[in-house]
Amino acid sequence: MIEKNYLFLVVLGGRANLANVELHDVRWVVGSKIEDTYDELRRNWFGIFEGLHIDSYKKIKYVDGYKINLKNIQNKKLKNNKFLKENHNNKNLWFVNIGGYDPSSMQEKHEFGLVVASSKFEAKNIAKSKWLKGCKKKHKDDMASLKKLICCDDSQIVKKIGNWEIELTLENNFIEENNNPDWYGYQRLDKI
């Protein structure tokens, strides 16, 4: 039986040289279950390996009424090692990290997640309307489209993850997932 693969949004935690506090980063990985992604997560950590852990993850199935499909593109290479994929609906899956300030706290607050939008501007506005309620001076810290592999300005745009390409399918029955993790806690990756 062939197992279905899913897109996972994972929050990693750990340390880095010269850092005074624990650091966190977000990764997108593909697997049939979270354990399938551990090697990839370890390879992509930028800091010290000792103490590397998962703080939370979410299996992404739907965003803003669109089903998230993964297409294996390993054997679909074209001229110049490029991949051809037409976007018929002009919508992309965007990861947005919003920052903001609470006057009663020293640290900047952050909230991130996925939205479906036609442009960076639209994605940023959707995220700002959904997240960090009550915070002041909300701003985009990072944003990436999970659609193309090119860099422009301060956004990394991703068309594929490994050998997988993301395809959005508008569902007839609107399904909206929340931004809550499927799992949260402290899962060490350096000890397994």
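**Sheet pairing and the surroundings of Asp190**

Leu7 has Ile60 as its bridge partner in E3. The structure is a predicted model. That residue pair belongs to a region where strand E1 (residues 6–15) and strand E3 (residues 48–60) run antiparallel and are joined by eight bridges. This briefing covers the sheet and then one residue, Asp190, found in the segment after E13.

**The sheet**

- Four strands form an open sheet in the order E2-E1-E3-E13, and their pairing is antiparallel.
- The edges are occupied by strand E2 (23–31) and strand E13 (183–188); each has a single partner strand, so one side of each is left without a neighbour in the sheet.
- On average, neighbouring strands of this sheet are turned by 30° against each other, direction ignored.
- In general, strands of a sheet pair through backbone hydrogen bonds, in either a parallel or an antiparallel manner.

**Asp190**

- Asp190 has a relative accessible area of 16%, and it therefore counts as buried, since the cut-off is under 20%.
- Leaving aside residues up to four places away in sequence, Asp190 touches Phe49, Glu50, Gly51 and Leu52.
- With Gly51, the contact includes a polar one: the side chain of Asp190 reaches the backbone nitrogen of Gly51 at 2.6 Å.
- A polar contact at 2.7 Å links the side chain of Asp190 to the side chain of Arg188.

Technical notes:
Residues are numbered from 1 along each chain as its sequence is written. This is a predicted model: local features need pLDDT of at least 70, side-chain atom pairs count only at pLDDT 80 or more; totals for chains, interfaces and linings use all residues. Side-chain values use heavy atoms; hydrogens and water are left out. Two strands pair if DSSP finds at least two bridges between them. Helices (H or I, at least four residues) and strands (E, at least two) are DSSP runs, numbered from the N terminus. Axes are lines fitted to C-alpha atoms, for helices over the stretch in contact, and angles run from 0 to 180 degrees between N-to-C directions. Buried means under 20% relative accessible area, exposed over 50%, partly exposed in between (1.4 Å probe, protein chains only). A polar contact is a pair of N or O atoms within 3.5 Å; within protein, one must be able to donate a hydrogen and the other to accept it, and residues adjacent in sequence count only if both atoms are side-chain atoms. Contact means heavy atoms within 4.5 Å.
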